[in-house]
Amino acid sequence: MKAPKMTYARADSVAQALALLAEHGDGANVLAGGQSLMPTLNMRLSKPDLLIDINRLEDLAGISVEDDAVRIGALTRHAAVQRSPIVAEHLPLIAEAMPHVAHVAVRNRGTFGGSIALADPAAELPACILALGATITVESVRGRRDIAAADFFKGLFETERQPDELLIEIRIPCQRPGTVHAFMELSRRQGDFAIAGVACAAETDGETVTDAKLVYFASEDRPTLAANAVAAIAGKVWSDESRSAAMAALSEDLDPMDNLQGSAAFKLHLQRVLTGRVLDQAIERARAA
Amino acid sequence: MSDSGASSVFEGPNSHIGRSLSRASARRTVAGRGRYTDDITLPRTVHAAFVRSPYAHARILKIDTADAEAMPGVVLVMTGAELAERSTGPWIGTLSCFEGMKSAPQYAMAVDRACWQGEPVVMVVAERRALAEDACEQIVIDWEVISPTAEAETALDAGTPVLHPDLGDNLAFTKTIDRGTVDDAFASADIVLEESFSFGRHTAVSLEPRALLADYDPGTERLTIHTSNQVPHMIQAVFARTLGVPEHNVRVIAPDVGGSFGLKIHTFGDEVAATAASIELGRPVKFIADRLESFVSDIHAREHQISARIAVSKAGDIQALEIDDLAGVGAYSAYPRTSVFEANQVLNITAGPYKFENYRAKTTVVYLNKVPTSQYRSVGHPIGISVGEHMVDRAAETLGMDPVEFRRRNVMPDDAYPGVAPSGVPVNDLSHEACLEKLIGLMDYEGLLREQAALRKQGVYRGIGIAGFIKGTAPGPQGYYGSGGAPIASQDACTVKLEPSGGVICTVGVTDQGQGVDTVMGQIAATALGIPLDQIRVIEGDTDAVPYGGGTYASRATAIGGEAVYQASCDLRREILTMAGILLQSDAETLDIVGGNVVTAGSGEIRVPLSEIGRIGHFQLGELPNDYQPTLSATRRFRLTELPYIFTNGIHGAYVEVDTDTGFLRLLKHWVVEDCGRLINPNLADEQVRGGCVQGLGGALYEHCLYDENAQLLNGSMADYLTPMAAEMPDIEVAHVETPTSESELGAKGAGESGTGAAPGVVMCAVNNALRPFGAAVTAQPMTPEVVLRTLGKI
Amino acid sequence: MSDETKTITLTVNGESVTKLVDARTHLVDFLRGELGLTGSHLGCEHGICGACSVRLDGDVVRGCLMLAIQADGASIETVEGLTASGEVADLQENFVERDALQCGFCTPGMLITAAELLREAAPKTREEIREFLSGNYCRCTGYHAIVDAVETTLTQRLEKSS
């Protein structure tokens, strides 16, 4: 189980990385944290002609607050996000999700941007940034562009990023007063990819959810925004009845895939259970606030 | 000190028996200085990789190796047919003790047909493993796909493809045990309860994969095989016979072994092929199975479906039990231990703790186009114990009896031995009653009942499980091995030698995979000899160095190998005292050995150190009478003479919480009371139990080789085949009852596997105890959340 | 600019090393094959088992999920280095005393991971220790003894520093 022959280039600047991507396009893979790419190389499931190592692009790492948004550089390691006081203060949803992302050794190396760019449908971070309305910046020799998270995830490991584009940063609006968050997932073992999960960012007024983003992962081919479940509860005082209504409405939002983790019916059931629990927690937090 | 008072030797102030000494070898491995097979590199070593069948069943029409042979670094390409020409013939994995069993001849690599996805087909040997893999990708095979047989339930149906037409059908083996008057008992029973069970396929996932470094020297025609293995002498015999090298010219070395669990006691074609390559090339060939090929080439285990019914009286006595087992093994019966041993063991041990006489158990073992199955830690026991204990719980529940009370009433009494288990297997020196009572105290059963009741009112569903067991350990020649000419030794042996320095070399046929065999054997030898532990060196795992033995399997190392060490050490002690008596002109009976010195028995006055005995015995023999020639060494063997096994017993308790909305389980706590006879090293025994439990919990909750209808393995990676990890596993409290076996002077029984055997059953009992308010019971393992939710009718 | 092989210079267990490596060789194959540092093990080569754990610039990473060529200029520490420096001598002693290893194949990775937890020098519950170690597979011990050994070491260090 040894990786196939390939060539390797270490990019020392973003411009150099972009030039290599422009030159090699589909034949090249960007090597960031490598926590998902390296297994596929070792298993010979992917055979790029060229690996472009961006790990030395310090400009792409870092967390800062700019204009009511947190900017997370694509190369920021998961461990840095988990430790970040900025994230803890302004992006509590992401702070809550981080311990679920794999294990310590993987978080030390894996990158925030890598997780977004890979778009694994069972991953936590794509769901979180979708719930938070983030903007993703990509760049190529053709120029730089911003993509709303809602437009970014296109399908199974498929994104709006073009083969010659490099993910530069993710800008995530800071959590505003009056909004609450909650994150839950079910995985068989600590750090595994989820078999059901939901990221919730809600605006509340007392016991009433006025609006919310409920994003489900580990169900469909990409993180799924549930509009019907939210519509079932929006503007209503939280109660057993609205809880049941949200759970019932979820089947109009979500059509989970069968896979090794379980059947579609099983996953839909779990997502319904999480819907009730995550909203319970959101309301509880709203009360406490 | 006299030999007749054996127990006083073990319990005396200078005894090393019963002491929790740490393992000396652990100091090496903890520093990263372990020496595993892949850590050994010999000059000119080349590396093997394999092209494996992508299909579960397919005919090989043509193999084109030309491009591969031309690849850089490639030194050899060998097809299955070419390997067959260099072998003495195929294996047939049958043992004559399994009457009527049949299996097809199996070659080390597929010759004209592949019968499971993963069967090796072509070997490439190259300067580096990566280069060998590069060349594997260039081999072109024309396949004609044949319909596979993927399901055990339909394997015997007309119209199902027959794997091996020469066998006539897909039946490997069938057997029925029928004792007492089962039909009458069911006909007249107060209560009859029925249930069906399914158990998924597992595999061992030793962290170090299978590994081999073969080194054939064309000059001396001697073959040295370094291999991660539990049974060096069996490997010596099988490889020698298969490759036509005289057995005495084959040396097998098992260096540090990175986990084995029964995986590394079987014959694997890829390892034979790599060894053949070394003979062909006259240079060392290394083969390290990578994790992906491990999943499709290591033996698998379990995969049983069982229907069961139990008859009980209103008073609460078990009147009869009947089980009908269907086991789906792989494409061939594994060589030489077979693939039917597991089913046979299910029959032997189900409901083993209980006193009832009407027992019928049938198994039907069928071939499938899947990876061959065979012995894996606690062979058959997880299945039999789960079934037996579940049926017992259901009987208790139906009668409205507490499960503990029901067991108190039905277990074999501690004064009932020797006796037989319901299956008729002989059992002796068991302690079900003592273990049960100890467990109840250990786990605070009453307290748990109160907590459970209180939490249930809050909608929290916790379950308490109890599961007793018998466990077959340390098989003897009256059992299964040793019959039909299979090269599997059920005896084991030890040679102890006094060195000139006064140090003792103790060589044993049993092997260590981290259990602490070396430490335990040292403790036994030091105690029998009366010397400090650091004066002994134990050598194992090298057929050139140790007496012939079976190695380590079936929880036999301490029970069989330990007794051989004890006997040999007692012999050497006698000789040392005889020689000392001559030198000191004293009666040997008045002398003893304490702390490495010959002393006056009783007073302890030092007379002569062993270093002096060693010096004179090796260098100054002129000081001894001419008619006295000490050997200062002793070799003894030990085997069971009457019983097929030393059966052990014990009992587990489990406390779990079921999230009835999600089906997720939390393992809160696990307790074990084990009776493995005389404890040589309590801490090491405890750790065997704990590790065994978690291996069983893995099977109960997570592990499952999932196949599709084309017999393709769907989850052959560690990302998809879930093993137990630290976060979800419970703390495990272990206690002991010590009933020494009457079979040996040492009195030790096996301890290495019972945890794996009983943990799945006790967790299943606990889960079902939690689900009782819902009138639901889980009878499928692994007990995934989906299985639990389906049981609850929530999906 | 892109290479199939490259000469790299890195620090391994405090010593500078310069070697020519294939681009495709992962870090642990390099450490084991080129430097003879066989303490780091390969259990799965797809990032699940943790047997290959090494330290990269001070932090524990999966050695099989990183190419050797990427370590150019980096500092790598393996179990051999941690042993030589004495940093985990107490942890190793507790592993041996508590029999927190059997076959020992997972142990180097387990120690390197646990060392990172110990470095935080903060009290941890058994559950937190289990969670921290949850990316390291051990088939032998059932984890209980490993948790004990880490817990004991942490307690001893906290007592010593207070």
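The exercises below concern the interfaces and selected side-chain pairs of a predicted model, and each is followed by a worked solution.

**Exercise 1. Describe the interface of chain A and chain C by its contacts and its buried area, and state which residues of chain A lose the most area.**

Solution. Begin with the contacts: 34 residues of chain A are in contact with 32 residues of chain C. Next take the area, which is about 2800 Å² buried between chain A and chain C, with carbon and sulfur atoms giving 56% of that value. On the side of chain A, the residues that lose the most area to chain C are Tyr8(A), Met38(A) and Arg109(A), which together make up 20% of what that side buries.

**Exercise 2. Determine how many salt bridges and polar contacts join chain A and chain C, and which elements of chain A supply the touching side.**

Solution. The count of salt bridges between chain A and chain C is 3. One salt bridge to examine is that between the side chains of Lys2(A) and Glu45(C), with an N to O distance of 2.7 Å, which is within the 4 Å cut-off for a salt bridge. Polar contacts across the interface of chain A and chain C number 13 residue pairs, both residues being at pLDDT 80 or more. Turning to the elements, at least two residues each come from strand 1 (7–10), helix 1 (14–24), helix 2 (37–42), strand 3 (50–53) and helix 6 (104–109) of chain A. Among these contributions, helix 6 of chain A gives the most, with 5 residues. By residue class, the side of chain A that touches chain C divides into 17 nonpolar, 10 polar and 7 charged residues.

**Exercise 3. Carry out the corresponding analysis for chain C and chain B, from the contacts through to the residue classes.**

Solution. The contacts involve 49 residues of chain C and 52 residues of chain B. The area that chain C and chain B bury between them is about 4000 Å², of which 54% lies on carbon and sulfur atoms. Across the interface of chain C and chain B there are 10 salt bridges, including one in which the side chains of Arg23(B) and Asp99(C) meet at 3.0 Å, N to O. The polar contacts between chain C and chain B come to 31 residue pairs, again with both residues at pLDDT 80 or more. On the side of chain C that touches chain B, the elements giving two or more residues are helix 2 (79–85), helix 3 (89–97), helix 4 (107–119), helix 5 (126–132) and helix 6 (144–161) of chain C. Helix 3 of chain C gives the most to that side, with 5 residues. The residues of this side of chain C divide into 19 nonpolar, 17 polar and 13 charged.

**Exercise 4. Establish with which acidic residues Arg129(B) forms salt bridges, and classify the partners as buried or exposed.**

Solution. As background, side chains of opposite charge can pair when their charged atoms come close. Over all chains the structure holds 93 salt bridges. Arg129(B) forms one with Asp290(B), where the closest N and O atoms are 3.1 Å apart. Because Arg129(B) lies in helix 5 (residues 129–136) of chain B and Asp290(B) in the loop between strand 12 (285–288) and helix 9 (291–297) of chain B, this pair ties together parts that are 161 residues apart in sequence.

A further salt bridge joins Arg129(B) to Glu293(B), with the closest N and O atoms 2.9 Å apart. Here Arg129(B) in helix 5 of chain B is paired with Glu293(B) in helix 9 of chain B, so parts 164 residues apart in sequence are tied together.

For the classification, the cut-off for buried is under 20% relative accessible area. Arg129(B) has a relative accessible area of 12% and is therefore buried; Asp290(B), at 11%, is buried, and Glu293(B), at 5%, is buried as well.

**Exercise 5. Locate the salt bridge of Arg222(B) with Asp544(B) and assess how accessible each residue is.**

Solution. The closest N and O atoms of Arg222(B) and Asp544(B) are 3.8 Å apart. The pair links distant parts of the chain, with Arg222(B) in strand 10 (residues 222–227) of chain B and Asp544(B) in the loop between strand 21 (536–539) and helix 16 (557–584) of chain B, 322 residues apart. Arg222(B) counts as partly exposed because its relative accessibility is 39%, and Asp544(B), with a relative accessible area of 44%, is partly exposed.

Methods:
Residues numbered from 1 in each chain as written. Chains lettered and ligands numbered in written order. Predicted model: local features only at pLDDT ≥ 70, side-chain atom pairs only at ≥ 80, totals over all residues. Heavy atoms only, no water. Contact = heavy atoms within 4.5 Å. Buried area = accessible area lost by both parts, 1.4 Å probe. Polar contact = N/O pair within 3.5 Å; in protein donor to acceptor, adjacent residues only side chain to side chain. Helix = DSSP H or I, 4+ residues; strand = E, 2+ residues; numbered from the N terminus. Nonpolar A, V, L, I, M, F, W, Y, C, P; charged D, E, K, R; others polar. Buried < 20%, exposed > 50% of the residue type's maximum accessible area, 1.4 Å probe, protein only.
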